Amino acid sequence: ICVNRGRSEVGPRALGNRSIIALANSSNTRDLINYAKHRENWRPLAPICCDIDFNDYFEGEVSNSKFMLFTNKVKSNLTNGVKHIDNTARVQCLYDKNDWLYQSIQLLKSKGLVPVIINTSFNCAGEPIVENFEQSYNSFKKMKFDYLIFEDKIIHKFSKLENNLDNIQFAD
């Protein structure tokens, strides 16, 4: 899923506004994302989880993981999509229970899925992170991902939006 919501983020930050996100359970997912972004296959992707789930999947202090500045040992093979070769990950924890991404991750948990997702920047190698709808849509199509979330709208990869981006009808 490609995400472009809210304002851009710079520096130590809580990511999720300009991101590519996916379930974190498979290293194949990591490989597909790296391939689509034209990155080396070995490059790691970061996990996002909610503060209440951190200790189930990672070692260390949850308070150190707000801005992805530290690495933590990975406890579970259920998160192979974000595990580095040394069995660590640079975790970002979410704390705001009202945030759409926090609620989405908790929804995964309520459905019996691992409440940890892959997170990487929404851009292809050598390109800047997307800022507007046109950049988002073009990168989404180029990488051939399943969904684009732009602000509060969702576009599926099979949507017919080809020529005139000004007249797009979004699915709510």
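Where is aspartate 53 placed in this structure? In this predicted model, look in the loop that runs between β3 (46-50) and α2 (54-57), and you'll find aspartate 53 there. Now check how much of the residue shows: aspartate 53 has a relative accessible area of 0%, so it counts as buried, the cut-off for that being under 20%. As for what sits around aspartate 53, leave aside residues up to four places away in sequence, and its contacts are Gln106, Lys109 and Pro115.

Next, let's turn to the pockets. The largest pocket has a volume of about 590 Å³. Its lining draws on β2 (18-23), α1 (27-36), α3 (100-110) and β8, the elements that each give two or more residues. Helix α3 is the biggest contributor here, with 6 residues in the lining. In total, 24 residues line this pocket, and those nearest its centre are Ile1, Ile21, Ala22, Leu23 and Tyr147.

Tyr147 is a good one to follow further. You'll find tyrosine 147 in strand β8, which covers residues 147-150. With a relative accessible area of 35%, tyrosine 147 is partly exposed, because that value falls between the 20% limit for buried and the 50% limit for exposed. On the surface, Tyr147 joins Ile1 and Ile154 in making a nonpolar patch of about 240 Å². So if you click on Ile1 and Tyr147, you're looking at two residues that help make that patch and that are also among those nearest the centre of the largest pocket.

Notes. Residues are numbered from 1 along each chain as its sequence is written. This is a predicted model: local features need pLDDT of at least 70, side-chain atom pairs count only at pLDDT 80 or more; totals for chains, interfaces and linings use all residues. Side-chain values use heavy atoms; hydrogens and water are left out. Patches are made of residues with over 30% relative accessible area and no salt bridge: like charges are joined within 9 Å, nonpolar side chains (Val, Leu, Ile, Met, Phe, Trp, Tyr) within 5 Å. Accessible areas come from the Shrake-Rupley method with a 1.4 Å probe; for residues, only the protein chains shown count as cover. A salt bridge is a side-chain nitrogen of Lys or Arg within 4 Å of a carboxyl oxygen of Asp or Glu. Helices (H or I, at least four residues) and strands (E, at least two) are DSSP runs, numbered from the N terminus. Buried means under 20% relative accessible area, exposed over 50%, partly exposed in between (1.4 Å probe, protein chains only). Contact means heavy atoms within 4.5 Å. On a 1 Å grid over the protein atoms alone, a cavity is a set of points where a 1.4 Å probe fits but cannot get out, and a pocket is an open set with protein on both sides within 12 Å along at least five of seven lines; lining residues have an atom within 4 Å of a point. Grid points are joined across faces, edges and corners, and a volume is the space filled by probe spheres set on the points.
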